[in-house]
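Q: I am new to this structure and would like a close look at a single part of it, taken slowly and with its surroundings explained.

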Amino acid sequence: MTHDTMTPSVDDDDDLAIGAERTRQEAWEWLRLFHSGAVKPQDADRFRRWVASSPSHAAAFGEARAQWGVIGPAAAGLLRANAQAAAFHARHLSRPMLPRRAFLSAAAGAAAMAGVAGVAVFHPPAGLWPAPAEWGADYRTATGEQLVVDLTERVHVTLNTQTRIRRQTVGGQTTGIDLLAGEAAFDLPAGAGGGRPFGVVAGVGRSLVESGRFEVRYLNARVCVTCIEGAVRVEHAAGTRELRARQQTVYDGSSVSSVALVGAANLSAWRKGELVFTQTRLSDVLDEINRYRPGRVMLMNAAARNRPVTGSFYIASLDLALAQLQHAFVLNARLLPGGVVLLS
């Protein structure tokens, strides 16, 4: 008997890389959940099942803890030595610590199962790992990942990095989605909808389209709806907006903006592999880079936070973008394990 040797294809390698990145993020999500103060007994049961389902899960969890073992002391040393960093931490990063007894009662058994008894309770740097996943999501993307989904024969969705969506169905038919977090682009060919609108709920508003192309971005409790082609109706308690090509509106929990025109360079830039900024605060630019880049870039120089940035960067070369920003604003960079970069 002979056995053929299979050589993995490029697509197979990509799938493996995406799977490994997703497992890494899930491990950080478990650590953050254990820190959050909201651990329940059923969480420990779910964690046991997660660890038991694959040897890679236990390995990823152990690696995440090991990375924090290096990052934690370095961050603590920075806080002791840098008054600006300490003030930043006090304003943005400090959280109540989970009582040790409550934590151990919920998670000690699960941690031991992973071979990492005595999981540490800690204050993580802001955004170092993702927020706990919305468990009801039907589709999700990891950091730096994009995903194309054919929801129906007429609705094609592209999920950008760190995005989660959930289907809306009526009678077994998909009628829309809930955008739980992140950014997605929607393509509906003309004449394929049969007059039935497709809805995207994000926050407290809803966008309705019969045909056309549009994008919805839901971050930090604000929603931005951009019409690329066709027409989009945005419904909000504070008013309704009708968008045409190259128009957008922004809303939050209480208000909705007027309709604004979108510059051609900014239109669907992320789908072309670019990040485009026009007079954007440096702190906001770094927040956007952090959505695509594993690890975390943290700006400790308060004087540079509001400096304007105009330019474009390739998503595939974000470390080069960071080097350019460091040079342009005369910043010092300190590299830490786990892709953490401190700019001061």
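Which residue in S17 does Arg296 stand opposite, and what surrounds that part of the chain?

A: The model shown here is a predicted one, and the description below should be read with that in mind. Arg296 stands opposite Val340 in S17. That pair belongs to the pairing between S14 and strand S17, residues 340-343, where four bridges join two strands that run parallel.

These two strands are part of an open sheet of three strands, whose order is S14-S17-S16 and whose pairing is mixed. Strand S14, covering 296-299, and strand S16, covering 333-336, are the edge strands, each of them pairing on one side only. From one strand to the next, the twist averages 15°.

Against this sheet packs helix H6, made of residues 282-292, which touches S14 and S17 and whose direction makes about 170° with that of S14. Because nine of the 11 residues of H6 are buried, the helix is largely enclosed by the rest of the structure. Those buried residues are Leu282, Ser283, Val285, Leu286, Glu288, Ile289, Asn290, Arg291 and Tyr292. As background to reading such a list, an α-helix has 3.6 residues a turn, so residues three or four places apart point the same way.

Between H6 and S14 there is a loop, and Pro294 lies in it. With a relative accessible area of 42%, Pro294 is partly exposed, because the range for that class runs from 20% to 50%. Leaving aside neighbours within four places in sequence, Pro294 is in contact with Arg24, Thr143 and Gly339. One of these partners can be followed further: the C-alpha atoms of Pro294 and Thr143 are separated by 6.2 Å, although the two residues are 151 residues apart along the chain.

From Thr143 the view can move to Thr141, which lies in the loop between strand S1 (139-140) and strand S2 (147-150). Thr141 is buried, its relative accessible area being 2%, because anything under 20% falls in that class. A polar atom of the Thr141 side chain lies 3.2 Å from the backbone nitrogen of Gln162. When residues up to four places away in sequence are not counted, Thr141 touches Gln146, Leu147, Leu159, Asn160, Thr161, Gln162 and Thr163.

Leu159, one of the residues that Thr141 touches, leads on to the strands of this second region. In S5, the bridge partner of Leu159 is Ala184, and S3 and strand S5 (residues 173-188) pair in the antiparallel sense over four bridges. S3, residues 156-159, is also joined by four bridges to S2, and those two strands run antiparallel. Within that pairing, Asp150 stands opposite His156 in S3, while a hairpin joins S2 to S3 through five residues.

To place both regions in their wider setting, the secondary structure of the protein comes to seven helices and 17 strands. Of its 344 residues, 43% count as buried. Among contacts in the protein with a separation of 6 or more, residues 24 or more positions apart account for 55%. The protein exposes about 17300 Å², of which carbon and sulfur atoms supply 53%.

Notes:
Residues are numbered from 1 along each chain as its sequence is written. This is a predicted model: local features need pLDDT of at least 70, side-chain atom pairs count only at pLDDT 80 or more; totals for chains, interfaces and linings use all residues. Side-chain values use heavy atoms; hydrogens and water are left out. Two strands pair if DSSP finds at least two bridges between them. Axes are lines fitted to C-alpha atoms, for helices over the stretch in contact, and angles run from 0 to 180 degrees between N-to-C directions. Contact means heavy atoms within 4.5 Å. Buried means under 20% relative accessible area, exposed over 50%, partly exposed in between (1.4 Å probe, protein chains only). A polar contact is a pair of N or O atoms within 3.5 Å; within protein, one must be able to donate a hydrogen and the other to accept it, and residues adjacent in sequence count only if both atoms are side-chain atoms. Accessible areas come from the Shrake-Rupley method with a 1.4 Å probe; for residues, only the protein chains shown count as cover.
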